[in-house]
Amino acid sequence: MNKKEVWVICDLERQDGRHYLQLVCKAHMLAKSLNAVVSAICLGRHNEVAFESLKTAGAARIIHCECEDLGNAVVAADIVGQLIESRPPFLVIMPATWLGKNIAACLSARFNVGLTADCVNIEVDEHNEVVFSRTALNDSVIARIKCQNSQFLMCTVKPDSFDVVPNSAENGILLERFSHRPDKSAVSIMEIIEKRALSRPVQLNLHAAKLVFSVGRGIGKGKTLDLLHKVAQKFRAEVVGTRAAVESGLIEKSRQVGQSGINISPNIYVSFGVSGASQHVVGMRNSRMIVAVNSDDSAPIFNYADYAFVGDAFEVLKGLDDLIENV
């Protein structure tokens, strides 16, 4: 009897490789509990380096779907849809990127299946059922979701929700090719209502940051915040913040970490004036080392910190500034 398949959709052309490797590693862990096999569904051109990385992450099968037009999400979704019709999976995991979200929406409508978007975790419970976790109620809680009465399960996952851990497939890797190319003429524009030239926002690559300084509302505006940016520049650290810091005007929305922002996993995460609410912690919990600075010795952030400093953030930053000046 064939095993169930857990699929991870991988965009080999534009998707950050670390993101889909994170998903394959998580899929490998889930597959062990589900007695399933992990298949990486690769869209784009043939890429041996990517295939080998996926094997190391835990993929037992690579299904390469050559697609010349990944800029058209409907065409990409049709290719995946045809593959699903030929060999239905048990679970499909997609990155929460522009392409991943569009493919997921198309497949959800096409197959009438449920979709849990922007997940921060996927687990198998004591009943051997898959549970998706995502934020709800204006990001104030984490909802645990089960999908019922569906021919397969499907979700998208935010970047850096999981770690990359080497998990080489036990029995080697099987490379398959899915050569079906859908008729592009079946996908047409019915009417152009309006065209707009949109300015591109500044692209931040916070996921690649090795050292991060995090701003909490407790740091306040003024000299402490100014000094933090000065020291961060000297240490070549990226500056991020909590939702409270964003609402207080201390940092831009694009740099918000947490349930309603981005997930990061730097080598070193240093927080200043961050209380440690669960909504923020879920976005930085995969940091290799967590250093917390807070004047409140009962701040929840200290429960997650590898190193804790109870004191004034300005004094700590001043010490760091003096340190690097003397190096």
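Start by selecting residues 223–235 and 313–325: these are helix 5 and helix 8, which pack at an angle of about 30° with their axes 9 Å apart. Keep in mind as you look around that the model is predicted. Angles under 35 degrees count as roughly parallel, and helix 5 and helix 8 are therefore roughly parallel to each other. Turn the view to look through one helix at the other, and you will find that the crossing of helix 5 and helix 8 is left-handed.

Next, show the side chains at this contact. On the helix 5 side, pick Lys223, Thr224, Leu227, Leu228, Lys230, Val231, Lys234 and Phe235. Their partners in helix 8 are Ala313, Phe314, Leu317, Lys318, Leu320, Asp321, Ile324 and Glu325. Colour these residues by class and the contact of helix 5 with helix 8 shows nine nonpolar, six charged and one polar.

Now move to helix 1 by selecting residues 17–34. From its first C-alpha to its last, this helix of 18 residues reaches 25 Å, close to the 26 Å expected at 1.5 Å a residue. Add a surface for the rest of the chain: helix 1 is mostly covered, with 13 of its 18 residues buried. Then step on to Asn35, which follows helix 1 and has a positive phi, near 55°.

Finally, zoom out to the whole chain. In cartoon view, look for eight helices and 15 strands. Of the 327 residues, 48% count as buried. If you draw a contact map, consider the contacts with a separation of 6 or more: residues 24 or more positions apart account for 67% of them.

Note on methods. Residues are numbered from 1 along each chain as its sequence is written. This is a predicted model: local features need pLDDT of at least 70, side-chain atom pairs count only at pLDDT 80 or more; totals for chains, interfaces and linings use all residues. Side-chain values use heavy atoms; hydrogens and water are left out. Axes are lines fitted to C-alpha atoms, for helices over the stretch in contact, and angles run from 0 to 180 degrees between N-to-C directions. Helices (H or I, at least four residues) and strands (E, at least two) are DSSP runs, numbered from the N terminus. Angles under 35 degrees count as roughly parallel, over 145 as roughly antiparallel, 65 to 115 as roughly perpendicular and the rest as oblique. A crossing is left-handed if the near helix is turned anticlockwise from the far one by less than a right angle, and right-handed if clockwise. Contact means heavy atoms within 4.5 Å. Ala, Val, Leu, Ile, Met, Phe, Trp, Tyr, Cys and Pro count as nonpolar, Asp, Glu, Lys and Arg as charged, and the others, Gly among them, as polar. The expected span of a helix is 1.5 Å times one less than its number of residues. Buried means under 20% relative accessible area, exposed over 50%, partly exposed in between (1.4 Å probe, protein chains only).
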